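Please consider the structure shown below. The paragraphs that follow proceed from the surroundings of the ligand to two individual residues of the chain.

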Amino acid sequence: MGALCCRQQPIDFDGEVNLFHFNLLRCVGKGAFGKVRVVQHKQTKDLYALKYINKARCVKQKAVPNIIQERRLLEEVRRRPKKLPLAIDHPFIVNLRYAFQDDENCFFVLDLMLGGDLRFHLERLGNLSEESVQLYTAELSSALSYLHEKRIIHRDIKPDNILLDEQGHAHLTDFNIAVHYSERRMLTGVAGSMAYMAPEILVKKGYLNTIDWWSLGICMYELIFGKRPYRGRTNGDLTHSIIKDNLRFPDDAEMKCSKRGIHFLSCLLERDVTKRLGCKPDGEGLRDIREHPWLSSLDWDKLESKQLQAPFIPDSKRANFDASHELEELLLEDNPLKAQHRKKDVSTMSPEMRQMEEQFTPYNFKQMRRRSYYPNNQIVSTMTVTSSSGLGYSRPTTPLTPLGESSPLPNHFEMREKELQQQGREAESYDMRPSNAF
Ligand SMILES: Nc1ncnc2c1ncn2[C@@H]1O[C@H](COP(=O)(O)OP(=O)(O)O)[C@@H](O)[C@H]1O
Ligand SMILES: [Mg+2]
């Protein structure tokens, strides 16, 4: 009797990209939906970050439109900007390399940022130096105005979504709740992580890209001082604080930040959007930022070609990731990720599964092939979600937000607040942030 052959099938690297093309390495992150792990392309040996989202969970959490939107926007931000003929990618955005799906998951293969995210560093160091934050502010301002030029609002700027490369440069990631906007129609969806939300979102009278500059202000304030300017025990208190409280700086603020830096932060955290720094249209906002005395001495050409030396270089000898992600995967994951051949029949799929199948299209940065997608791009559903946690996982998560602005908006925060009150917990824990962050 012949022995069963257990040799693996050869991998077709010329065919459409799939999980068989990668070696799966350690887990480095987890967000509201996605798990992120390091992978190595088996042919090129290049390392990437693989963000994967379980499709069944995604349907259950009514997050299908968000995942498809994230996939679409990531391809879009990669498109060569006219003004920068030599640049293919934006230097301060985590770029998409491949996208594909199998029966269980949707996959994004992204540039790997080995320096870790800013939440990781903030939790370990308590706060960061003004010089580091100055550089991040300039880099992220460049990324944000690039996105706004493409009429995309990120809507979720917070330390968790800012990743450092090995040289310590900041990159924006996580386009899960990003949307397109047009000056002709204000957005009204309550979106983002509450502590970073601009007042114009919370008062629900409509907003545009100005919200990203506010969130950048909150984020940079938090990085410098180790706490955020607006706080509250309940979501109601937090909303009230964001809308009404005077902007205050800690008593020892001038030990941590120059007067110019404090002035810059105050200009980002301006409630009046017509006066807020960065918000003027047609590139004037970025010009104001570049000309502000806090950042005007930076060489912006060098900055955009990543030639400025970052004051904080992540330690390359240690992993800049929370070890609990890997541990959680090893101990608690009962369905570990593995490459699988496709079996499912589209004709028997639920409408949401089918939507994902058809609209989460494959992408390969080497081929730069653009498919025409979205023939019937309708939002299947809009609802909120909160993430589960494991092993004392302490990151804030981003509640999902409606991408279809025309649909009636569920009030995520009131819903979540009620839930928290029933559990006798404070609203801040909605963010699952450790108390030492305040
Ligand atoms: N390209 C990457 N390189 C390294 N780590 C990453 C990368 N992308 C994400 N991560 C890590 O995974 C976490 C979750 O990823 P994110 O895209 O923010 O997912 P979610 O939409 O679920 O919040 C991030 O906070 C970060 O720590
Ligand atoms: Mg995230």
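Which of the 23 residues around ligand 1 come nearest? In this predicted model, they are G29, G31, V36, A49 and D174.

The next step is to ask where the shell around ligand 1 originates. Three strands, β1 (22–30), β3 (47–54) and β5 (105–111), each contribute at least two residues to this shell. The largest share comes from β1, which supplies three residues. At the level of domains, both domain 1 (8–114 + 318–419) and domain 2 (118–314) are represented, each with at least three residues in the shell around ligand 1. As to chemical character, ten residues of the shell are nonpolar, seven are polar and six are charged.

Attention may now turn to the backbone. R151 is not a glycine, yet it has a positive phi of about 60 degrees. This residue lies in the loop between α4 (130–149) and β6 (152–153). Is R151 buried or exposed? R151 counts as partly exposed because it has 14 C-beta neighbours inside 10 Å, a count between the limits of 12 or fewer for exposed residues and 20 or more for buried ones.

A second residue, K306, also is not a glycine and has a positive phi, of about 55 degrees. K306 is found in the loop between α11 (300–304) and α12 (323–332). With 14 C-beta neighbours inside 10 Å, K306 is therefore classed as partly exposed.

Definitions and conventions:
Residues numbered from 1 in each chain as written. Chains lettered and ligands numbered in written order. Predicted model: local features only at pLDDT ≥ 70, side-chain atom pairs only at ≥ 80, totals over all residues. Near = placed C-beta within 6 Å. Helix = DSSP H or I, 4+ residues; strand = E, 2+ residues; numbered from the N terminus. Nonpolar A, V, L, I, M, F, W, Y, C, P; charged D, E, K, R; others polar. Domains from an automatic or database assignment.
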